[in-house]
Structures are given as C-alpha cells and as structure tokens.
Amino acid sequence: MKKAELVEAVAEEAGLTKADATKAIDAMLNTITKALANGDKIPLVGFGTFAVSKREAREGRNPRTGETVTIAARNAVTFKAGSALKDAVN
C-alpha cells in the first residue's frame, strides 16, 4: 500500500477529507520520528512498539574480495508487533 492509498483508506474510515487525512498521517509520522530521535519508546497497545536499539561496531567481510571491513556503530529502529496485530495477520 502506497501513502496515497493509505491516505484514501484513512479518509474513508474516519470520515475525513483526503487533505485532513494527509495532515493527520504526516503529523503522526513526524511525532513518531521525533520521539525515536530523542530515544523514546512508543508503545501502541494492540498494534506494536517502536523503539531504538544501539548496534555496536563490528567486523564484516566484503563478499567480493573477502577483505575484512569494519561496520560502524549505529542506532536502528525496531518494531515489535503486538498480539492484536499478529492475530489479525494470521
């Protein structure tokens, strides 16, 4: 599903105009992004939890040359699906 399709589905489900649905979706995504950038955890009961995990630096291999390469430490966004979401998918 593309963003335009999501906007259309949200507008229909919530009885909003497409412009209002776009604003709501953008506001939600921006809020989640800012919270994760601050290191916050975002639990949405029944849906899932967004969080940030730290990945330590490690060594990897270049598959073409076999040369050892250092992979830098970084933060990664994780999502753990809630039980209601898992049940809806299965």
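These legends go with close-up views of a predicted model.

**View 1. Helix α1 and the glycine after it.** Helix α1 covers residues 3-14, and its 12 residues should span 16 Å at 1.5 Å a residue. The end C-alpha atoms are indeed 16 Å apart, so the helix agrees with that figure. Just past α1 comes Gly 15, with a positive phi of about 70 degrees.

**View 2. The largest pocket and its lining.** We're looking at a volume of about 270 Å³. Around the pocket sit Leu 6, Ile 25, Met 28, Leu 29, Ile 32, Leu 44, Phe 47 and Phe 50. That makes eight nonpolar residues, with no polar and no charged ones. Helix α2 (residues 18-37) chips in the most, with four residues.

**View 3. The phenylalanine cluster.** Ring pairs join Phe 47, Phe 50 and Phe 79 into a cluster. The whole structure has two aromatic pairs. In one of them, Phe 47 and Phe 79 are tilted, 5.6 Å centre to centre with 55 degrees between the planes. Phe 47 is in the loop between β1 (42-44) and β2 (48-55), while Phe 79 is in strand β5 (residues 74-81), 32 residues apart. Both rings' residues are partly exposed: Phe 47 has a relative accessible area of 40%, and Phe 79 has 38%. Phe 50 and Phe 79 form a tilted pair too, at 4.8 Å centre to centre and 50 degrees between the planes. Phe 50 belongs to strand β2 and Phe 79 to strand β5, so this pair ties together parts 29 residues apart in sequence.

**View 4. Thr 31 on helix α2.** Thr 31 sits in helix α2 and counts as exposed, at 54% relative accessibility. From Thr 31 to Glu 59 it's 28 residues in sequence and 34 Å in space, C-alpha to C-alpha.

Key
Residues are numbered from 1 along each chain as its sequence is written. This is a predicted model: local features need pLDDT of at least 70, side-chain atom pairs count only at pLDDT 80 or more; totals for chains, interfaces and linings use all residues. Side-chain values use heavy atoms; hydrogens and water are left out. Helices (H or I, at least four residues) and strands (E, at least two) are DSSP runs, numbered from the N terminus. The expected span of a helix is 1.5 Å times one less than its number of residues. On a 1 Å grid over the protein atoms alone, a cavity is a set of points where a 1.4 Å probe fits but cannot get out, and a pocket is an open set with protein on both sides within 12 Å along at least five of seven lines; lining residues have an atom within 4 Å of a point. Grid points are joined across faces, edges and corners, and a volume is the space filled by probe spheres set on the points. Ala, Val, Leu, Ile, Met, Phe, Trp, Tyr, Cys and Pro count as nonpolar, Asp, Glu, Lys and Arg as charged, and the others, Gly among them, as polar. Buried means under 20% relative accessible area, exposed over 50%, partly exposed in between (1.4 Å probe, protein chains only). Rings of Phe, Tyr and Trp (its six-membered ring) pair if their centres lie within 6.5 Å; planes under 30 degrees apart count as stacked, over 60 as edge-to-face and the rest as tilted.
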